[in-house]
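Me: I would like to go through the labels attached to this model and check what each one rests on. Please set each value against its cut-off.

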Amino acid sequence: MPIISNTNHDFSNLSVSDDSSLDRIFTEIPETETIKGVYYQRAQFIRKPEDLVSIDHALLAVINVGGNRYTFPWTTLEQFPLTRLGRLCGCRSLEDIASVCDDYDESRKEFFFDRSPSAFKVILNFLAAGKLRLLREMCVLSLHDELNYWGVEMAYMERCCKRKMYTRIEEVHEKERREEERRQRNAMQRVPVEETKYRKVMNWLRDMVENPQSGLPGKIFACFSVIMVAVTVVSLCISTMPDLREEEDRVSNKCYGGICN
């Protein structure tokens with residue numbers, strides 16, 4: 001039972017509204033027998049960097065996925081020469097290695113992949129259980145991209161998980177299609193407006209008021225606005241002074257007494 005495969009399936013003709021299309025893809029992809037723990041020994045998690053010293057690199061490949069290190073027997077990778085991990089067996093130079101992985105530590109003979117460690121755990125769970133299952137904390141679309149990157153065949157995923165993944169992918173494609181149609185309709189409905197002198201003047205005034213960096217008039221208007229605000233604040237502060245309030249009260253009392261003309 002292969003762990004990794006380069007099989008590609010075309011899901012463009014699937015539809016969420018039509019369950020028959022999903023049922024068809026579930027029957028077209030052959031079901032595989034669940035054999036728990038068959039390949040569990042083929043992948044080991046390296047907890048301490050010191051454990052790398054005792055590894056026989058002639059037998060084991062050290063794979064670093066987002067900072068988590070694992071060992072895979074070369075015999076396992078040789079079974080899948082067309083996959084990303086399998087292509088490591090055919091690398092004969094640093095250029096070949098760079099075309100497969102993101103980085104390579106020549107001193108430790110460690111292949112680094114800048115991918116999500118949490119998504120890679122799905123593959124490790126598959127090694128132990130013999131089936132692919134969606135993790136609750138994983139985004140379906142992100143997991144789909146990761147599986148395509150590593151080349152994991154979708155045939156080993158449970159039916160409920162496959163239905164959830166394909167349904168979500170179709171929903172996203174349908175939403176993108178509707179948004180594109182809406183943008184095209186809006187673009188067709190837009191009528192070009194003739195640029196008249198009145199519109200040019202109004203646009204110039206709007207830029208002058210809203211954007212001080214539009215030119216010298218905009219800067220002058222911005223300075224004038226700041227000055228007017230400052231004068232208003234100062235006048236309000238002065239009007240609250242006790243001496244001025246007493247003077248205003250005396251003047252108002254004289255006016256009410258009939259002295260003011």
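Reply: One cut-off is needed at the start: a residue is buried under 20% relative accessible area, exposed over 50%, and partly exposed in between. The model is a predicted one.

Me: Why is Met202 called partly exposed?
Reply: The relative accessible area of Met202 is 37%. Partly exposed covers values between the limits of 20% and 50%, so Met202 with 37% is given that label. Met202 lies in helix α7, residues 197-210.

Me: What makes Met202 part of a nonpolar patch on the surface?
Reply: A patch takes residues with over 30% relative accessible area and no salt bridge, and nonpolar side chains are joined within 5 Å. Met202 has 37%, so the area condition is met. The patch consists of Tyr198, Val201, Met202, Trp204 and Leu205, with about 530 Å² of accessible area together.

Me: How do you know that Ser107 is exposed, and which side chain does Ser107 contact?
Reply: Ser107 has a relative accessible area of 67%. Exposed means over 50%, so the label applies to Ser107 at 67%. Ser107 is in the loop between β4 and β5. Its side chain and that of Asp105 are joined by a polar contact of 2.7 Å. The limit for such a contact is 3.5 Å, so 2.7 Å falls within it.

Me: Which label does Lys109 get for accessibility, and what is notable about its phi?
Reply: Lys109 is in the loop between β4 (103-105) and β5 (110-113). Its relative accessible area is 42%. That value is between 20% and 50%, so Lys109 counts as partly exposed. Its phi is near 55°, a positive value in a residue other than glycine. Most residues other than glycine have a negative phi.

Me: What makes strand β3 largely enclosed?
Reply: Strand β3 spans residues 68-73, and five of its six residues are buried, so the rest of the structure largely encloses it. The same reasoning is given for β2, where five of the six residues are buried.

Me: How do you know that β3 pairs with β1 and β2?
Reply: Pairing requires at least two bridges. Strand β1 (residues 44-46) and β3 have three bridges, in the antiparallel sense. Six bridges join β2 (residues 60-65) to β3, also antiparallel. Both counts satisfy the requirement, so both pairs are accepted. Thr71 in β3 stands opposite Gln44 and opposite Val62. Other bridge partners in β3 are Pro73 for Leu60 and Arg69 for Asn64. β2 and β3 form a hairpin with two residues between them, and Gly66 in the turn has a positive phi of about 60°.

Me: Why is the pairing in the sheet called mixed?
Reply: Strands of a sheet pair either parallel or antiparallel. β2 and β3 run antiparallel, whereas β2 and β5 run parallel and are joined by four bridges. Asn64 has Phe112 as its bridge partner in β5. The open sheet has five strands in the order β1-β3-β2-β5-β4, with mixed pairing.

Me: Which strands stand at the edges of this sheet?
Reply: β1 and β4 do; each has a single partner strand, so one side of each is left without a neighbour in the sheet. Neighbouring strands of this sheet are turned by 30° against each other on average, direction ignored.

Conventions
Residues numbered from 1 in each chain as written. Predicted model: local features only at pLDDT ≥ 70, side-chain atom pairs only at ≥ 80, totals over all residues. Heavy atoms only, no water. Patch = residues over 30% accessible without salt bridge, like charges linked within 9 Å, V, L, I, M, F, W, Y side chains within 5 Å. Areas by Shrake-Rupley, 256 points an atom, 1.4 Å probe, with all protein chains shown as cover. Salt bridge = Lys/Arg side-chain N within 4 Å of Asp/Glu carboxyl O. Buried < 20%, exposed > 50% of the residue type's maximum accessible area, 1.4 Å probe, protein only. Axes fitted to C-alpha atoms, helices over the stretch in contact; angles between N-to-C directions. Polar contact = N/O pair within 3.5 Å; in protein donor to acceptor, adjacent residues only side chain to side chain.
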